[in-house]
Amino acid sequence: MCTSHEHDHGQEAAQAGAGRRSFLRATALLGAAATAAVAVPAAAAEAAPASSAGRHPDPDSRRFTLAVMPDTQYLFDGPSIEKAPVEAALRYLLEHGKEENIVFLSHLGDLTQNGAPAEFAAISDAFDLLDRRGVGYSVLAGNHDVNSSTTDQRGATAYLDVFGPDRFKGHRTFGGASPDGYNTYHLFRAAGREWMVLALDWRLSDQGHAWARSVLAAHPRTPVVLTTHELVVGDDSLSAYGQQLWDRLVKDHDQIFLTLNGHYWPAGRATRRNTAGNDVHLHLTNYQNRYFGGAAMIRLYRFDLDRGVIDVETVSPWILGRAGKGLNELERQEIELSGDADRFTVDIDFEKRFSGFAPVPARASRPASRMLIPGTAAYWRFDSAVSGTVRDLSGRGNDLTVVSVGGGTLGWSADHHPDQPGHGSLEFQGHKSPLTGAYLQTVDKAPLNSADFRDGYTIEVFYRMPADWDPDHNAWAGLISRRGTGGAAGKTADDPDEPLATLSLSNDREPQWAMRPLNQQGIATNWGQETPLETWWHLAVVNDGRHTTLYVQGCPVVRNPKAPAVGIASVGKPWLLGGYTYADTIDQILHGRLGDVRIVSRALPVSSFMTH
């Protein structure tokens, strides 16, 4: 539901607009990342801007970023230690954490080349940058970190001395570790819910598998990103160990929707269907074979739950920070990667994907009395099949009767817009040439028939078009309209046979509000954009006594006329639901479902629409 661009109608306080996220682009980073140049001393790392450094991410924003750092081993190789690229990447997370809403960083193993204490001491110093700011992160052991092919039961190592559980015990995101210390899990809040990063050793033992299963069982409703050093190799294939990990852990735990690993190169990705029938996205991220050992490339996984996507981008903040001093030929090639495996979008309907283990409860029906806000002129809802009269729940006597054309009838469905107050809808089965179907009409003495709404109005409608909607037979049917012609009202500009008001759907499925105001001779028209089939939509037409705005899903459309429009002309004839007249004769009948309809004799802000 759109909550931005609230128009002030002078009635109630406008709802706060939704926040805006800026996306990382190379040109935008050149200045901001300049402090990440190789010559920056460690002391400068302490000087991250107070406006962003150390700030906790927004736990409720539906846009957040998970940062990923793959193999850094060639930067920490015996006497050849170059920690500046890693520090630059981590400093970027500090400096841009707020605008990117970075919630967590995952390192994918092979932090070092030889697993030597001096190598771990150097990369530990780099990660101190995050520790001092309280930024959540995870690491895991790659084969080079433990210099061994043994499982997580290998015992003490230099890796465990530096990146064992004791390092994370003070972190707010740290959930716990396996008894051996090589496997950890981390919890963070984003988009109003809990998420987990399950960081597993590069070779999981039987005990490790049992521990991982116990962690998942203890958090049954938490979506999980599994990180490990080895799983995917190349595009669309798993290593022998990766296949084992899939078979023994991933495929039977629906919570795991994304896996991230390094070890192999070049970068690649695969998708596999788990036991529950859902896709699991498996991504290989590793750049150690590229210039400067990968230059501490980081992946930014930008989750956007409203758009249903994860936008993935790969950059080197270290190289970006050096741009001001001039880049060499190889650096220019590596500043930002744009290949299909490096910059891409993953489409995920998060609510649907997580419904098997964390279903979102359907919004409960709301009593009709809650919809009767001050100024309500009429309110109709369809909680059951229609037979005879449909009562106006406002109590103002604007009841509806069924009008059949060519023997047509109205059906009923429990289907409804997820934010609709009533949990039902009418099924209109209109067809043109020959004209058949049924529609609803206000009774002859309904007060609504003569209302001119000169002080403003809000008309709200929920609707859904079926897959077989055909513009040749179904276009221009009215969702709600007013009988009577412009000519009968003494308004002869434009086509005098058009109805006085109609909220219709064009042949391109665009909602159109076309009506004759009291202060104009011609027709005033508001246009919305194309609305897809088999999807519930909410429309609202709001007039504040001067101007009219059409909203689709609570969002104002672009084609709203600026000319003053006062009220709606009337000749005392009925309003129609699901019908459209031309020359005051029924000309088209809706083909689709119609949910709750409300008319209020004043302008409402978005926060007072029936969707709220």
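At what angle do helix α8 and helix α9 pack, and how far apart are their axes? The close-ups below, taken from a predicted model, start there.

**View 1. Helix α8 packing on helix α9.** Here α8 covers residues 206-218 and α9 covers residues 240-250. The two pack at an angle of about 45°, and their axes sit 11 Å apart. That angle is neither under 35 degrees nor in the 65 to 115 range, so the pair counts as oblique. As for handedness, α8 and α9 make a right-handed crossing.

**View 2. Side by side: the residues where α8 meets α9.** On the α8 side, look for Asp 206, His 209, Ala 212, Arg 213 and Leu 216. They meet Gln 244, Leu 245, Arg 248 and Leu 249 of α9. Sorted by class, this contact is a mix of four nonpolar, two polar and three charged residues.

**View 3. Helix α3 packing on helix α4.** Now we move to α3, residues 84-100, and α4, residues 117-133. Their axes are 8 Å apart, with a packing angle of about 20°. Since angles under 35 degrees count as roughly parallel, that is how α3 and α4 run relative to each other. The α3 and α4 crossing is right-handed.

**View 4. Zooming in on the residues where α3 meets α4.** From α3 come Val 86, Glu 87, Leu 90, Arg 91 and Leu 94. Across from them, α4 offers Ala 126, Phe 127, Leu 129, Leu 130 and Arg 133. By class, the α3 contact with α4 has seven nonpolar and three charged residues, and no polar ones.

Methods:
Residues are numbered from 1 along each chain as its sequence is written. This is a predicted model: local features need pLDDT of at least 70, side-chain atom pairs count only at pLDDT 80 or more; totals for chains, interfaces and linings use all residues. Side-chain values use heavy atoms; hydrogens and water are left out. Axes are lines fitted to C-alpha atoms, for helices over the stretch in contact, and angles run from 0 to 180 degrees between N-to-C directions. Helices (H or I, at least four residues) and strands (E, at least two) are DSSP runs, numbered from the N terminus. Angles under 35 degrees count as roughly parallel, over 145 as roughly antiparallel, 65 to 115 as roughly perpendicular and the rest as oblique. A crossing is left-handed if the near helix is turned anticlockwise from the far one by less than a right angle, and right-handed if clockwise. Contact means heavy atoms within 4.5 Å. Ala, Val, Leu, Ile, Met, Phe, Trp, Tyr, Cys and Pro count as nonpolar, Asp, Glu, Lys and Arg as charged, and the others, Gly among them, as polar.
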